[in-house]
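Reader: Hey, could you walk me through this one? I'm new to this, so plain words please.

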Amino acid sequence: MHKEVLFEMMRTLVAIFISLIIAFIIIFFVSTQPTEALSKFLIGPFSKIRYFSNVIEMSIPLIFNGLAISVMFQANQFNVGAEGAFFMGAVAATIVGITMNLPVGVHSIFAIICGGLLGGFLLFIPAILKTKWNANELVSSLMLNYILYYLGIFIINYYLRDVNAGYMVSYKLNSSALIPKLIPGTRLHYGVLFAVAMIVIIYYFMYRTKWGYAIRMTGLNEKFAEYSGIRVNFVILYAQIIGGIIAGMGGAIELLGMYTRFEWQKLPGYGWDGVIVAILARNNPVLVPLAAFFLSYLRIGADLMARMTDVPSEVVSVIQALVIMLVAAESFMAKWRHKMVIKQAKEEISMANGGNSR
Amino acid sequence: MKILEIIFSTSFGYAILRVTTPILFAALGAIISDRAGVINIALEGTMLMAALWGVIVSAFTHSAWLGLLAAVISGILMSVILAYFSLNLKTNVVLAGIALNLFASGGTIFILYLVAHDKGISSSLKSEVLPQLTLPLVDKIPVIGPIFSGHNILTYIALLAVFLVYILLYKTPLGLRIRAVGENPDAADSVGIGVNKTRYIALILSGLLASFGGAYMSMGYVSWFSTNMTAGRGFIALAAEAMGKGTPLGTFLSSLLFGFAGALANNLQSLRIPSEFVQMIPYIVTIIGLVIYSSSQASKPRKFKEE
């Protein structure tokens with residue numbers, strides 16, 4: 001068991017290493033200042049407190065989406081609607097933030113709850129289509145993302161648009177709804193504490209409750225779960241609702257923490273990033289913050305590199321794709337693992353023989 | 001009643017075929033890989049890559065055909081990567097497809113920036129478009145002529161491809177192997193069919209068809225590349241294939257349905273309906289179509305399928 005964990009860790013590190021090397025090669029080819037670009041990319045985020053705080057700030061939405069996707073993937077549901085749920089969570093928070101007047105604190109929390117409920121309701125849609133009519137949740141949630149995008153833009157554009165702003169944004173939110181900054185001078189906000197709390201809650205839920213157990217069993221083997229008395233359809237439903245709630249809350253927190261008004265013109269893409277985080281973290285809530293930090297670090301590093309050198313930040317997409325494919329590749333380094341298993345078996349045999357001879 | 005007026009005009013008929021073309025190409029690609037038992041989620045990214053390379057190469061060579069060739073090569077490369085990871089390294093094919101889509105989404109921006117110094121649109125490149133064909137005789141027929149004549153050459157190739165895919169799947173040894181591998185890989189293996197080899201071929205054909213759809217997007221539908229211009233068409237194609245029950249004719253009809261929804265969305269923008277709702281139509285129709293198809297499948301007794 002211990003060796004297995006060690007092996008998975010090694011595999012992930014090797015995958016990351018290979019992906020980075022390929023990214024470096026690309027940078028060397030396209031850049032006229034490759035060493036400058038590389039150093040900005042790799043250590044740029046550590047060069048200023050503000051940059052490092054950027055890394056933590058960006059980890060927050062990644063953690064929420066990573067957790068959301070993890071829960072759904074653990075139930076073996078390829079629902080990628082976290083993107084739309086996250087977006088609509090932010091829209092819900094915008095509505096609450098603009099139209100209501102509540103005391104400081106209560107206002108933010110109410111907005112976050114509304115975002116979560118809306119997200120949960122929305123991801124209930126692909127879930128119910130799956131359990132009731134067996135419609136593939138991957139395709140339906142993909143389509144749902146586009147629908148939610150247009151719906152969100154419609155709401156902002158027709159009801160909450162600040163026409164004086166000059167571009168398509170909502171009115172400013174009431175300041176009572178905004179999540180205050182944790183460290184003055186940075187954009188790091190109290191949402192990071194929500195993220196930490198969410199990690200603990202989801203870990204507890206997945207590994208210490210009957211409901212979480214049912215999700216994991218359903219994901220491992222649906223038929224076996226069914227035979228052992230788990231109501232699989234119900235599990236599939238609530239796994240996706242919970243995923244939607246987490247993503248929706250994440251969207252609300254991102255909006256209230258990082259913005260003063262709704263500004264997104266397109267889907268922010270954090271839902272897809274959630275897939276990357278979940279795969280890197282092996283769907284384990286405890287590993288989600290690590291994976292989110294890694295991805296966020298890459299992004300901020302790449303942004304700094306793009307700002308100061310001639311390499312566009314999208315080089316990260318190469319790293320991401322390779323990391324996902326290698327980490328998810330079952331046969332990647334399988335030989336190595338095979339050798340390790342044999343070696344261990346031999347040791348055990350020789351130990352047993354040694355025991356007999358005495 | 002302006003809507004009916006729009007729908008029953010010949011220009012709307014023309015628009016349906018125009019909008020259907022990229023979906024049909026990708027959906028035909030989806031058929032081949034799906035029948036071989038591998039879901040190609042990467043169709044979306046394959047189209048996007050092909051759309052970009054078509055524009056870049058046609059701009060530098062001043063030849064639309066070389067652009068198309070480059071688009072096809074890029075599409076095949078995407079499929080080979082997908083095949084290598086899913087078949088050789090045993091990556092879950094859905095995850096590998098998602099990874100390739102993310103790669104295409106960011107990678108095309110990266111390449112576009114290097115080539116055109118723009119992260120949004122390729123307007124600084126003078127790219128070519130593939131020619132439009134006027135069908136002799138047909139274009140003289142009233143109603144039929146304006147609908148079927150004057151399309152981009154790829155639209156006709158797409159219609160032709162419906163037959164070609166039918167012949168490939170049902171009338172050739174390769175098609176038989178593809179279907180055998182998809183229905184029961186172990187049985188296919190036991191009679192000496194190379195499962196991985198067949199799936200490689202199926203994925204490559206699937207990428208080839210999708211790349212035609214991508215090339216059409218940037219060298220026919222419009223004459224430029226813009227970021228994420230495929231806008232989910234690769235995914236809509238998956239739904240079209242599912243609704244068409246994996247048969248070429250059924251998939252053609254369901255692609256037409258989505259083409260109809262898309263054309264409607266394009267045309268209704270002139271009416272006083274908020275454009276956001278109009279733009280939702282193709283995606284809503286896709287979900288409804290998917291549900292209708294799936295529920296009709298679920299009510300039938302389940303076919304024996306190896307888990």
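Reader: Which residues of helix 7 of chain A meet helix 8 of chain A?

Author: A quick note to begin: this is a predicted model, where local features need pLDDT of at least 70, side-chain atom pairs count only at pLDDT 80 or more, and totals for chains, interfaces and linings use all residues. Residues are numbered from 1 along each chain as its sequence is written, while chains are lettered from A and ligands numbered from 1 in the order in which they are written. Now, A:Phe205, A:Met206, A:Tyr207 and A:Arg208 are the helix 7 residues, and they meet A:Trp211, A:Gly212, A:Ile215 and A:Arg216 of helix 8. Helices here are DSSP runs (H or I, at least four residues), numbered from the N terminus. Contact means that the C-beta atoms of two residues, placed from the backbone, lie within 7 Å.

Reader: At what angle do the axes of those two cross?

Author: At roughly 70 degrees, and the axes come within 5 Å. An axis is a line fitted to C-alpha atoms, for helices over the stretch in contact, and angles run from 0 to 180 degrees between N-to-C directions. So helix 7 of chain A is roughly perpendicular to helix 8 of chain A. Angles under 35 degrees count as roughly parallel, over 145 as roughly antiparallel, 65 to 115 as roughly perpendicular and the rest as oblique.

Reader: And how many nonpolar residues does that contact have?

Author: Five, along with one polar and two charged residues. Ala, Val, Leu, Ile, Met, Phe, Trp, Tyr, Cys and Pro count as nonpolar, Asp, Glu, Lys and Arg as charged, and the others, Gly among them, as polar.

Reader: Switching to the two chains: how many residues does each bring to the contact?

Author: Chain B brings 41 residues and chain A brings 36. On the chain B side, helix 4, helix 5, helix 11 and helix 13 each supply at least two residues. Helix 5 of chain B gives the most, with 15 residues. By class, the chain B side has 27 nonpolar, twelve polar and two charged residues.

Reader: Ok, so which chain B residues does A:Val139 touch?

Author: B:Phe235, B:Leu238, B:Ala239 and B:Leu290, leaving out residues up to four places away in sequence. A:Val139 sits in helix 6 of chain A, residues 137–159. Its C-alpha atom is 9.7 Å from that of A:Gly81, 58 residues apart along the chain.

Reader: Is A:Val139 buried or exposed?

Author: A:Val139 counts as buried, because 25 C-beta neighbours lie inside 10 Å. The cut-offs are 20 or more other C-beta atoms within 10 Å for buried, 12 or fewer for exposed, and partly exposed in between, with C-beta atoms placed from the backbone.

Reader: How many residues of helix 11 of chain B are buried?

Author: Eleven of its eleven residues, so this helix is mostly covered. Among them are B:Arg233, B:Phe235 and B:Glu241. After helix 11 of chain B comes B:Lys245, with a positive phi near 55 degrees.

Reader: Where else does a positive phi turn up?

Author: A:Arg282 has one near 55 degrees, and this residue is in the loop between helix 11 and helix 12 of chain A. B:Asn228 has a positive phi of about 50 degrees although it is not a glycine, and B:Asn228 is in the loop between helix 10 and helix 11 of chain B. Most residues other than glycine have a negative phi.

Reader: How many other C-beta atoms surround A:Arg282 within 10 Å?

Author: There are 18, and A:Arg282 is partly exposed. B:Asn228 is partly exposed too, with 14.
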